[in-house]
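Thank you all for coming; I would like to take a few minutes to go through one structure with you. Please have a look at it first, and then we can talk about one helix and one interface.

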Amino acid sequence: MSPASEAVLASDVWKFHGDFPALRGVSLRTERGTCLALLGRNGAGKTTLLRILAGLSAPSRGDVRILGTAPRLPVTRRRAGYLGHGIGIYDELTARENLLHFARLYGVENKEAAASKWLERVDLKRVEDGRVREFSRGMRQRLAIARAFVHEPDVLLLDEPFTSLDDRAIHLLQNLLREAFARGCTAVLSTHQLREALELATNVALLDRGKLKFAGPRTQAMLDLPPSIYFETETEG
Amino acid sequence: MSKREKWVYALGVSGTVLLIVNLYRILLVLGDEMQQGAIYRIIYFHVPAAFIGWTLFLAALVASALYLWKKDLAFDGFAASAIEVGWVFCSINLVTGMIWGRIIWGIWWTWDPRLTSMFICWLLYGGYIVLRSAIDDAGQRATVSAVLAIFAFADVPIVFMAIRWWRTQHPSPVLETGGLAPEMRLPFWLNVFVFLLIGLAITLVRVDQEDTQRELEGLRRRAF
Amino acid sequence: MRGVWAIARKDFQSELRSKEAINASVSFALVILLIFSFAFEPTADETRAIAGGLLWIAFAFAGALILNRSFARELQNDCLDAVIASPIAGWELFLGKALASFLLLLVVELICFPVFSIFYGVNLTKAFWPLLLVLILGTWALTALGVTFAALTVNIRLRELMLPLLLYPALSPALMASMTLTTSLLTAGVFGANDQPWLRLLVGFDVIFTALALALIEFVLVL
């Protein structure tokens, strides 16, 4: 365990696409075991920030720490789980092979057991040897959730996790996240679906045109934010 | 006038003046070469073009490595400009070589080692220019082209070595290899210097365009 | 190294399952061999003199189809993001992908070998082991450059067009070496006196570009 108490720490993070600043001096800190909902319109910089936290992109300026270490270090990435816009699973492989592959990449000790456990959790055990190509949309989404959890991450970075999920998958993800929080896992999730996110979130941060407009505990946020923010967030997606 | 503009004018004007002086010397003062006649004068343009082409490609290599290290788009702009201008000089070298070959050998093209190597490098850096035009995001474009510039430059010596061996096994026309006559030296090296000045001036103009382009892209995204 | 095997295994497995690239590549190679038979008299003595060139043109062109897929395979469902977010290093990803492509290319080439031998009446068995050495060295050169350029062009429009445009000029020294060595093995049956520098050039090419790719791939993946 590293001594840092915050799970996610971003200090003065800037990201430029050419001359365009996608992030402008964002500073955030998230304590362990909390859930931060990143709100903001399209193009506000939510995805950019999450990609930087996941080590998929390097900040142009500023510093990022996940559990006290830099995101790009293998030791950090081993403890982080990322679920982006795409589901990140292979159509040609079976459900089990997909989980085994990612368990191997994450260096999970007992791959077979981990794969079995998570196939069970997302209720895909009976189709574990079926190709993902033949899966329904809901099944693929549940497999993607299992893929993000298979190495039991301590920090979860979820980009619009509830968008385009069916009700069953939303329910499943909420339950898994609650369990994860109970064991001290931290999550940062960006979202358009306020209701689902706010049910889970302990904290809220609002991004607008790459700037952090607000960061604070959830209850306060729900009272303080003007309704227009909700409106914009909910319709533009 | 910005500092860069001043440089452009200084380099451009001094290059042009020197070129006129040198052209007078090359065209009117120096006599024809005994065997080749008037066409030998193309060497004053053919060889310096290659020199400056390679100088610019080397500069682009350094700028590309610096970009990967510092992630400053100014280095990317310079690398891209240097390669574009270097590629034009490379083209001048190829075209003047072909004209010379047509007069002396009677053919436009021969698979001579130097011609072939130059042609491969021309294709290589041409690929770099096409690749840049296919990428929209400035950061991605910069990184991808920086890596490609390093690969291309690492390839160049291998290409030259391989072609030389390849062609030594086949009969091929031999370029004259004697040194320059003493009276040719000054105008020759002066032209190298002139090409360098003009090459740098054009590169700086191109760098300016890259900067403006980047600024425009940024403004456009901001407006959206 | 764990990541290298995981990636190579996954790529190889999913390609053997779908066989998309391998089928296309073998068919394309056969078509090239067929078309070449129109360009000259296939049974003439000079066939052997240009056999090396012919084989490697077929391998290089057909190989691009496999190399194109190596990173493009990861685009579906944004798998590339999921892989880069996992704790494997950039060089492990490159090496794993290169290993899988290398094996797939070798499979295609070994399928083409007997066909070529039959079509053009060339005896491949009399110098099989040296030929295999040249095949391995030349194919690795094709793979190292091809997979790097596939990584460079993976997020780009016109991806399929950009790869050959960049690959073939850069690959030309390795192609020259492979062609010369293959031709001299097919005509003489052993390496000739002139072949030593070519062999060294090919090894050097492999080493230089593998090292460059391993060193620079991380920059390409994390923008």
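When I say buried, I mean a residue with under 20% relative accessible area, computed with a 1.4 Å probe on the protein chains only. Please keep in mind that this is a predicted model.

With that cut-off, let me start at helix α1 of chain C, which runs over residues 2-18 and in which C:Gly3, C:Val4, C:Ala6, C:Ile7, C:Ala8, C:Lys10, C:Asp11, C:Ser14 and C:Glu15 are buried. The helix has 17 residues and reaches 25 Å from its first C-alpha to its last, close to the 24 Å expected. Just after α1(C), C:Lys19 takes a positive phi of about 55°.

What covers those buried residues? The cover includes α2, α3, α4 and α5 of chain C, together with α3 of chain A, and that last helix brings me to the interface.

The contact takes 32 residues from chain A and 28 residues from chain C, and the area buried between these two chains is about 2700 Å², of which carbon and sulfur atoms give 52%. Across the interface there are three salt bridges, one of them between the side chains of C:Asp81 and A:Arg51, at 2.9 Å from N to O. In polar contact, the count between chain A and chain C is 17 residue pairs.

On the side of chain A that touches chain C, α2, α3 and α5 of chain A each supply at least two residues, and α3(A) gives the most, with five. By class, that side has twelve nonpolar, eight polar and twelve charged residues.

Methods. Residues numbered from 1 in each chain as written. Chains lettered and ligands numbered in written order. Predicted model: local features only at pLDDT ≥ 70, side-chain atom pairs only at ≥ 80, totals over all residues. Heavy atoms only, no water. Contact = heavy atoms within 4.5 Å. Buried area = accessible area lost by both parts, 1.4 Å probe. Salt bridge = Lys/Arg side-chain N within 4 Å of Asp/Glu carboxyl O. Polar contact = N/O pair within 3.5 Å; in protein donor to acceptor, adjacent residues only side chain to side chain. Helix = DSSP H or I, 4+ residues; strand = E, 2+ residues; numbered from the N terminus. Nonpolar A, V, L, I, M, F, W, Y, C, P; charged D, E, K, R; others polar. Expected span 1.5 Å × (residues − 1). Buried < 20%, exposed > 50% of the residue type's maximum accessible area, 1.4 Å probe, protein only.
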